[in-house]
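Hi,

Here is the structure I said I would pass on. Have a look at it first, and my notes follow underneath.

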Amino acid sequence: MRALLPAIRSLSDPHGSHPRVIVRSALAARSGHITFCRFLAPSDFFMMPRRLFTTLLGLCFILSSLTRAALHAETASPQTQDPLVTLILERLSWMDEVAEVKRAKSAPVADPAREEALLKAMEQKATEAKLSPTHVRAFFQGQIEAARAFQEEWLARPQPAEWKTRPVPDLTRDVRPQLDAIGTRILEQLSLPRIAAQRAAILTQAEQTMQQKGYSKAVIQPALRGLAAGLEAMR
Ligand SMILES: O=C(O)C(=O)C[C@]1(C(=O)O)C=C[C@@H](O)C=C1
């Protein structure tokens, strides 16, 4: 770089005059614009002390590397998953076990008594948390509908070999308390204030993630309908 500086200087000074002197004298009559014009004069730029010039070039290089690294990080790392989306997926991830219990007991997927008990409990908690019980009910109705659809699809497929040897869990003792705990965590998330753009982003993320994970429309649609209602529970 240092070897190039004389050549750069001669390019910026084709008539042999010292550019900084020319700029300074030209600007002397227009004192109000000196700072502005000095920044614009390219010849002035080339006459900077070498050390400052190389430092600036170094800074440019570092800045461009950082920008490239940031851009790469943005495209390479996955978007952070909103806890609400995680909780909806966690709830659904229990439904293969729940379906296996139904298969083992030859019980129907839908259990209206359990649904009503769960919805009442969540409404009660919503009221205590100053959330709209109507919206919270709609949220869980959506998730229950999604859970039913998933179970029906699961049971329509041949039972995976590894499930045949697995012990069947106890729904009341092992699984439903887990679903209730997820419900409580969901209510905490629904209590967080969010602007419209954040609510829209969560809905988009939920839809995209569920599609990527291979859930059917019959599962995704009610889950999203419930989520949209739940996100209004705060207002
Ligand atoms: O607990 C069950 O038996 C379930 O199948 C789970 C669940 C739910 O999503 O909470 C889904 C369908 C039933 O009608 C009741 C509840």
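Start with Leu-227: setting aside residues up to four places away in sequence, Leu-227 touches Leu-84, Ile-88, Phe-139, Gln-143, Ile-202, Leu-203 and Ala-206. Bear in mind throughout that this is a predicted model. Leu-227 belongs to the largest nonpolar core, which has 44 residues, and together with Val-136 and Phe-140 it touches the most other members. At least two residues of this core come from each of H6, H7, H8, H9, H11, helix H12 (196-212) and H13. The biggest contribution is that of H9, with 9 residues. As a general matter, nonpolar side chains tend to be buried together in soluble globular proteins.

Stepping back to the whole chain: the protein has 13 helices and 0 strands. Of its 235 residues, 35% are buried. Among contacts with a separation of 6 or more, 80% are between residues 24 or more positions apart. The accessible surface is about 14500 Å², and carbon and sulfur atoms account for 61% of that.

Now for H11, which I spent some time on. How far apart are the end C-alpha atoms of helix H11? They are 26 Å apart, which agrees with the 28 Å that its 20 residues (171-190) should span at 1.5 Å a residue. At the N-terminal end of H11, Asp-170 acts as a cap, with a side-chain oxygen 3.0 Å from the backbone nitrogen of Thr-172. The buried residues of H11 include Leu-171, Val-175, Arg-176, Leu-179 and Ile-182. As a set, the buried residues of H11 pack against helix H6 (83-93), helix H7 (95-105), helix H8 (112-128), helix H9 (133-156) and helix H13 (217-230).

Arg-176 brings us to the ligand. There are 16 residues around the ligand, and the closest are Arg-91, Lys-102, Glu-115, Gln-151 and Arg-176. In the side chain of Arg-176, an N or O atom is 2.8 Å from an oxygen atom of the ligand. Gln-151 also has a side-chain N or O atom 2.8 Å from a ligand oxygen. For Arg-91, a polar side-chain atom lies 2.7 Å from an oxygen atom of the ligand. How much of the ligand's accessible area does the protein cover? The protein covers 100% of the 360 Å² that the ligand has on its own.

One more buried residue to look at is Glu-100, in helix H7. Why do I call Glu-100 buried? Its relative accessible area is 5%, and buried means under 20%. Apart from neighbours within four places in sequence, Glu-100 is in contact with Trp-154, Gln-159, Trp-163 and Val-168.

Finally, a couple of backbone oddities. Most residues other than glycine have a negative phi. Ser-106 is not a glycine, yet has a positive phi of about 50 degrees. Ser-106 sits in the loop between H7 and H8 and is exposed, with a relative accessible area of 69%. Lys-130 has a positive phi too, of about 60 degrees, and is not a glycine either. You will find Lys-130 in the loop between H8 and H9. Is Lys-130 buried or exposed? Lys-130 is exposed, because its relative accessible area is 71% and the cut-off for exposed is over 50%.

Cheers

How values were computed. Residues are numbered from 1 along each chain as its sequence is written. This is a predicted model: local features need pLDDT of at least 70, side-chain atom pairs count only at pLDDT 80 or more; totals for chains, interfaces and linings use all residues. Side-chain values use heavy atoms; hydrogens and water are left out. Helices (H or I, at least four residues) and strands (E, at least two) are DSSP runs, numbered from the N terminus. The expected span of a helix is 1.5 Å times one less than its number of residues. Buried means under 20% relative accessible area, exposed over 50%, partly exposed in between (1.4 Å probe, protein chains only). Contact means heavy atoms within 4.5 Å. A polar contact is a pair of N or O atoms within 3.5 Å; within protein, one must be able to donate a hydrogen and the other to accept it, and residues adjacent in sequence count only if both atoms are side-chain atoms. A residue is near a molecule or strand if one of its heavy atoms lies within 4 Å of it. Accessible areas come from the Shrake-Rupley method with a 1.4 Å probe; for residues, only the protein chains shown count as cover. A nonpolar core is a set of buried Ala, Val, Leu, Ile, Met, Phe, Trp, Tyr and Cys residues joined through side-chain atoms within 4.5 Å.
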